[in-house]
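This briefing is meant for a reader who is meeting this structure for the first time. It begins with one helix and then moves through strands, charged pairs, cysteines and backbone angles.

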Amino acid sequence: MKNSRALYQEAVKKITLSESVDEIKSMVLLLMEHTFGISRTDIVAGKPIVPEPQQLSQLDQYIERMNTGEPVQYILEEAYFCGRIFHVNPSVLIPRPETEVLISVILSWEKKYRPEGAGRIKVLDIGTGSGCIPVTLRLEWPLSDVYATDISAAALKVARHNAERHQAEISFLKHDILHDDIPFGDIDVIISNPPYVTRSEANDMKQNVLGFEPHGALFVPDDDPFIFYKEIVSKSKAVLAHAGLLAVEINEKFGREIAGIFHAEGFIHVEVVNDVDGKPRVVQGLC
C-alpha cells in the first residue's frame, strides 16, 4: 500500500522540465489521475492506494516522455475543452482555453441576432483539427446542422472519433480552403482557427509546442501571414446567410489587419474580441 500524496511528490521530483513548479504539479496530477483512477482530491488528501506493478511502470514511462518535452495531453491522448474531454494525438493541435473565446462569441451571436423560432442553425468549421469546436457547438445547439472540414485526413479521423465519443452528429469533409470554394450555401455561422503563427515566431516558442504539434496547423509564411484569412473571409462572404456570422481566431499581433480584411469584403459589425488576458483573440463580423 502506498500513500498517493507521497507517490505524487516523488513523481514531481522526477520531472526535469524548466516549467514552473505549479505547472509541473498540475501535469503530474493529470498523470496520477489517469494512471491510478483517483481524483486529485484523493491525491492531495493522501488516500492510500495499492498500485499494480504495471501502473508504477506506466507512470515512470509517462514521466520519461514528459521530460523530453512531450505535452501531457499527447501522452494521455486527452485534452479538455469547454468542460469536455477530447481525444488528441500529434495529428491535431491541442485545444487551448483561449480558443473557448470563439465559442462565447458564437453563442452571443445567437442571443443577439438569431430571431426566436428561426429554425435550425447551419454551422461550418473550417480547419477543424480535433473537432472540439463543432462538437461543442452541436451539443450546445441540438437544433443545428454542423459541418466541419480539414485538409488533413489524419485530423479528420480524430475529429470523427470525438464526434462519436460525444454523440454529436457532424458531417465531415476533406477540403482545402486555400484552393477550393466552400461547397455549402446559406450558412448561418462559419468558424475557423486557422494557422496563424509566423515562421519567425518559432524561435520564441516552447519545445513542447514546436517539437510535437503539427506545423501545418501552426505556421504561415512571414511574407504572407494572412493567407488563410484572405481566403476564408472572401469565400465565407459568398455563402453566409443574411446576418450570418464569421468568427476566426487570430494572432494577437494582427487584430487590426484582419479586421481590415473583413471590412474590405463588406462585412459589418466587425469587432476584435480580447481573451481573458486582454489579448486580441477573435475577429468577428456579420454578412
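What span should the 14 residues of α6 have at 1.5 Å a residue, and how far apart are its end C-alpha atoms? The expected span of α6 is 20 Å, and the end C-alpha atoms of the helix are 20 Å apart, so the two values agree. The model described here is a predicted one, and the points below are grouped by topic.

**Helices**

- Within α6, the residues V101, L102, I103, V105, I106 and W109 are buried.
- Helix α1 covers residues 4–14 and includes S4, a residue that is buried with a relative accessible area of 0%.
- A polar atom of the S4 side chain lies 3.4 Å from the backbone oxygen of D42.

**Strands β6 and β7 and the helix between them**

- Strand β6, which covers residues 144–150, pairs with strand β7, which covers residues 170–174, and the two run in the parallel sense over five bridges.
- One pair of residues in this arrangement is D150 and its bridge partner K174, which lies in β7.
- Together with helix α8, which covers residues 153–165, the strands β6 and β7 make a β-α-β unit that is right-handed.

**The hairpin of β12 and β13**

- Strand β12 (residues 268–274) and strand β13 (residues 280–286) pair in the antiparallel sense, also over five bridges, and N274 stands opposite P280 of β13.
- Five residues lie between the strands of this hairpin, and in the hairpin G278 takes a positive phi near 80 degrees.
- The loop between β12 and β13 also holds D275, which counts as buried at 10% relative accessibility.
- The side chain of D275 makes a polar contact of 3.1 Å with the side chain of R281.

**Salt bridges**

- How many salt bridges does a search of the whole structure find? The search finds eleven salt bridges, and three of them are described here, beginning with a pair that links distant parts of the chain.
- As background, side chains of opposite charge can pair when their charged atoms come close.
- D145 and R120 meet through their side chains in a salt bridge with an N to O distance of 3.2 Å. The two residues are 25 residues apart, with D145 in strand β6 and R120 in the loop between α6 (100–113) and β5 (121–126).
- D145 counts as partly exposed at 30% relative accessibility, and R120 likewise counts as partly exposed, at 41%.
- The side chains of D224 and K230 also meet in a salt bridge, at 3.0 Å from N to O. Of this pair, D224 counts as partly exposed at 22% relative accessibility, and K230 counts as partly exposed at 41%.
- E231 and K235 form a salt bridge through their side chains, again at 3.0 Å from N to O, and both residues lie in helix α10 (residues 227–237), where they are four residues apart, or about one turn of the helix.
- In this helical pair, E231 is partly exposed with a relative accessible area of 26%, whereas K235 is buried with a relative accessible area of 13%.

**Cysteines**

- How many disulfides does the count come to? The count comes to zero disulfides.
- Why is C132 not bonded to C82? The sulfur of C82 is the closest cysteine sulfur to that of C132, but the two are 7.7 Å apart, which is too far for a bond, because a disulfide needs a pair of cysteine sulfur atoms within 2.5 Å.
- C132 is buried, and its relative accessible area is 6%.

**Positive phi angles**

- Most residues other than glycine have a negative phi, and the two residues below are given against that background.
- D186 is a residue other than glycine with a positive phi, near 55 degrees. D186 is found in the loop between β7 and β8 (187–192), and this residue is exposed, with a relative accessible area of 56%.
- A243 is not a glycine either, although it has a positive phi of about 65 degrees, and A243 is found in strand β11, which covers residues 240–249.

Conventions
Residues are numbered from 1 along each chain as its sequence is written. This is a predicted model: local features need pLDDT of at least 70, side-chain atom pairs count only at pLDDT 80 or more; totals for chains, interfaces and linings use all residues. Side-chain values use heavy atoms; hydrogens and water are left out. Two strands pair if DSSP finds at least two bridges between them. A crossover is right-handed if, with the strands pointing away from the viewer, the path from the first strand over the helix to the second runs clockwise. Buried means under 20% relative accessible area, exposed over 50%, partly exposed in between (1.4 Å probe, protein chains only). A salt bridge is a side-chain nitrogen of Lys or Arg within 4 Å of a carboxyl oxygen of Asp or Glu. The expected span of a helix is 1.5 Å times one less than its number of residues. A polar contact is a pair of N or O atoms within 3.5 Å; within protein, one must be able to donate a hydrogen and the other to accept it, and residues adjacent in sequence count only if both atoms are side-chain atoms.
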